[in-house]
Amino acid sequence: MKKLLLSALSLTALALSACGSSEPPASSTPEPPELTTTRTQDDAPAGRTFELRLRGTNAQGYDSVLVPLRSLEVTTPTGAPLQARMVARTVDLTVQEQAYLVGQFFVPEGVSSVRVKLTFDDFGGWEQGKKAGALDTQVAPVSFEAPVDSLSQRGRAVLLLDVGKSLLSEGQEQRLMLPTLKVNY
């Protein structure tokens, strides 16, 4: 009887822990960026919402590379903060067909470019065959300036992080991530 109860509790705990996801549920999917240009009733500035996405490339040989995300900050070129909302907290860089939605940010009309800063959290993890270990992601934030005209073409910026060039071995079970990436609009 005790074994049955323990098995049921273990199964329940496992099921509950598997419920997390780095993508929002389908019912809370944000509306497409091209539909978000509005003027509010209180005459707040009009503008548009854009997405920031992250995808790993060149991840051959890795079964999993989990990268934790800490914060997303978006400002004007003069440093004025803009509304930004994180969506994902962890991204698997080995999923080739998925550019994870990291966050969204609102750009008011009249702003020609924005500065985007994505900060990684302390430690992630990696798995390669039968080996696995910690991934040190305590590095400088990824920062870039994005012209609003380029963002407007598809409504997003996609960070393509080259896993093969970015992960450096620091022993058998430790890797250091020094991001090598490019930005696509």
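Colleague: Leaving aside its neighbours within four places in sequence, which residues is T137 in contact with?

Modeller: Keep in mind that this is a predicted model. Here T137 is in contact with V67, P68, F120, D121, D122, F123, G124 and M177, once neighbours within four places in sequence are set aside.

Colleague: Where does T137 lie?

Modeller: Look between β8 (131–136) and β9 (142–147). T137 lies in the loop that joins them.

Colleague: Is T137 buried or exposed?

Modeller: Buried means under 20% relative accessible area. T137 has 0% relative accessibility, so T137 counts as buried.

Colleague: Now the nonpolar core. Which residues of the largest one touch the most other members?

Modeller: That core has 39 residues. L52, V65, L69 and V114 touch the most other members.

Colleague: Which elements give two or more residues to this core?

Modeller: They are β1 (47–57), β2 (64–75), β5 (100–108), β6 (113–120), β9, α2 (148–154), β10 (156–162) and β12 (174–177). The largest share comes from β2, with 5 residues.

Colleague: Take V65 from that core. What does V65 touch?

Modeller: Again, skip residues up to four places away in sequence. V65 then touches V91, D92, L93, T94, G125, W126, L135, V163 and L167.

Colleague: On to sheets. How do strands of a sheet pair?

Modeller: They pair through backbone hydrogen bonds, either parallel or antiparallel. In this structure, 5 strands form an open sheet. The order is β3-β5-β1-β10-β13, and the pairing is mixed.

Colleague: Which are the edge strands?

Modeller: An edge strand pairs on one side only. Here the edges are β3 (84–86) and β13 (181–184). Within this sheet, neighbouring strands are turned by 20 degrees against each other on average, direction ignored.

Colleague: In what sense do β1 and β5 pair, and over how many bridges?

Modeller: The pairing of β1 and β5 is antiparallel, over 8 bridges. To find your place, start at T49, which stands opposite F106 in β5.

Colleague: How do β8 and β12 run, parallel or antiparallel?

Modeller: β8 and β12 run parallel, joined by 3 bridges. A134 stands opposite Q174 in β12.

Colleague: And how do β11 and β12 run, parallel or antiparallel?

Modeller: Strand β11 (residues 167–169) and β12 run antiparallel, with 3 bridges joining them. L168 stands opposite L176 in β12.

Colleague: How many residues are between β11 and β12 in their hairpin?

Modeller: There are 4 residues between them. Check G171 in the turn: G171 has a positive phi of about 125 degrees.

Colleague: Let's try salt bridges. How many does the count come to?

Modeller: The rule asks for a side-chain nitrogen of Lys or Arg within 4 Å of a carboxyl oxygen of Asp or Glu. By this rule, the count comes to 5 salt bridges.

Colleague: Where are the partners D121 and R70?

Modeller: D121 is in the loop between β6 and β7 (123–128), and R70 is in strand β2. The two are 51 residues apart, so the pair links distant parts of the chain. Their side chains meet at 2.7 Å, N to O. D121 is partly exposed, at 26% relative accessibility. R70 is partly exposed too, with a relative accessible area of 42%. R70, D121 and D122 are linked in a network of salt bridges.

Colleague: How far apart are the closest N and O atoms of E73 and K117?

Modeller: They are 3.9 Å apart, and the two residues form a salt bridge. E73 is in strand β2 and K117 in strand β6, 44 residues apart. E73 is partly exposed at 38%, and K117 is partly exposed at 29%.

Colleague: Which parts does the pair of E145 and R115 tie together?

Modeller: E145 lies in strand β9 and R115 in strand β6, so the pair ties together parts that are 30 residues apart in sequence. The closest N and O atoms of this salt bridge are 3.3 Å apart. E145 counts as partly exposed at 42% relative accessibility, and R115 counts as partly exposed at 39%.

Colleague: Last one. Where is Y185 found?

Modeller: Find the segment after β13, and Y185 is there. With 24% relative accessibility, Y185 counts as partly exposed. Among the residues Y185 touches are F144, E145, S150 and R154. Y185 and V148 are 37 residues apart along the chain, and their C-alpha atoms are separated by 9.9 Å.

Key:
Residues are numbered from 1 along each chain as its sequence is written. This is a predicted model: local features need pLDDT of at least 70, side-chain atom pairs count only at pLDDT 80 or more; totals for chains, interfaces and linings use all residues. Side-chain values use heavy atoms; hydrogens and water are left out. Buried means under 20% relative accessible area, exposed over 50%, partly exposed in between (1.4 Å probe, protein chains only). Contact means heavy atoms within 4.5 Å. A nonpolar core is a set of buried Ala, Val, Leu, Ile, Met, Phe, Trp, Tyr and Cys residues joined through side-chain atoms within 4.5 Å. Two strands pair if DSSP finds at least two bridges between them. Axes are lines fitted to C-alpha atoms, for helices over the stretch in contact, and angles run from 0 to 180 degrees between N-to-C directions.
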